[in-house]
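Please look over the sequence and the model below. The paragraphs after them go through a pair of helices and then a group of aromatic residues.

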Amino acid sequence: MVIRDPDPRDEAAWRRLWSGYTEFYQVDVPEAVTALTWSRILDPDVPVFARIAEMDGKIAGFAISTLHPSTWTAGPNCYLEDLFVDQNARGHGVGRALIDDLLRLAKKNGWDRLYWHTDAGNQTARALYDRYTKADNFVRYRIPLSDYIEWGNSERDAIG
């Protein structure tokens, strides 16, 4: 298995896996956003980056992360936003290799923290993640700003 930076020639294989990833999470990512994500991954001036897992000459998985400063650490933090392994490659250590690769990059580059989240019901992923660290007790809140129409909501009623 080889873990490496993506190459522009990887786009079709990445898109196939990306489609499986979004299908797994039952989300519809618009084509324009998918194209923008791929271009960000390849742009060295954008803090979004990816790592590709290749097994037997085929792309078997990917990790997409964002490197950013933190108010709690001196060095940068790495947010592992997306991790996906092709269904045919699962059980062969691809996910573990991608996380281990990020940990090696973190040590080499002086990052202070690697973190991620997953769906609470994703038991397969959580079994892997729990081998690295236990989940913390934080609860995530997200406001899709395109859905937040009434900025004057003084009651702060939950939206949908």
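A crossing of two helices counts as right-handed if the near helix is turned clockwise from the far one by less than a right angle, and as left-handed if the turn is anticlockwise. In this predicted model, the crossing of helix 1 and helix 2 is right-handed. On the side of helix 1, the contact is made by Glu11, Trp14, Arg15 and Trp18; on the side of helix 2, Glu31, Thr34, Ala35, Thr37, Trp38 and Ile41 take part. Sorted by character, the residues of this contact comprise 5 nonpolar, 3 charged and 2 polar.

Two packed helices are described by the angle between their axes and the distance between the axes. Helix 1 covers residues 11-24 and helix 2 covers residues 31-42. Their axes come within 12 Å and cross at roughly 130°. Angles from 65 to 115 degrees count as roughly perpendicular and those over 145 as roughly antiparallel, with the range between them classed as oblique; helix 1 and helix 2 are therefore oblique to each other.

The next topic is the aromatic residues. The whole structure holds 14 aromatic pairs. One of these is formed by Tyr21 and Phe62, which meet edge-to-face, at 5.9 Å centre to centre and with 75° between the planes. This pair links distant parts of the chain, as Tyr21 lies in helix 1 and Phe62 in strand 3 (residues 58-68), 41 residues apart. Are these two residues buried or exposed? Both Tyr21 and Phe62 are buried.

Tyr21 and Phe62 also belong to one aromatic cluster, together with Trp14, Trp18, Phe24, Tyr25, Trp38 and Phe84. Among these, Trp14 and Trp18 of helix 1 and Trp38 of helix 2 take part in the helix contact described above.

Methods: Residues numbered from 1 in each chain as written. Predicted model: local features only at pLDDT ≥ 70, side-chain atom pairs only at ≥ 80, totals over all residues. Heavy atoms only, no water. Axes fitted to C-alpha atoms, helices over the stretch in contact; angles between N-to-C directions. Helix = DSSP H or I, 4+ residues; strand = E, 2+ residues; numbered from the N terminus. Parallel < 35°, antiparallel > 145°, perpendicular 65-115°, else oblique. Contact = heavy atoms within 4.5 Å. Nonpolar A, V, L, I, M, F, W, Y, C, P; charged D, E, K, R; others polar. Phe/Tyr/Trp six-rings, centres within 6.5 Å; stacked < 30°, edge-to-face > 60°. Buried < 20%, exposed > 50% of the residue type's maximum accessible area, 1.4 Å probe, protein only.
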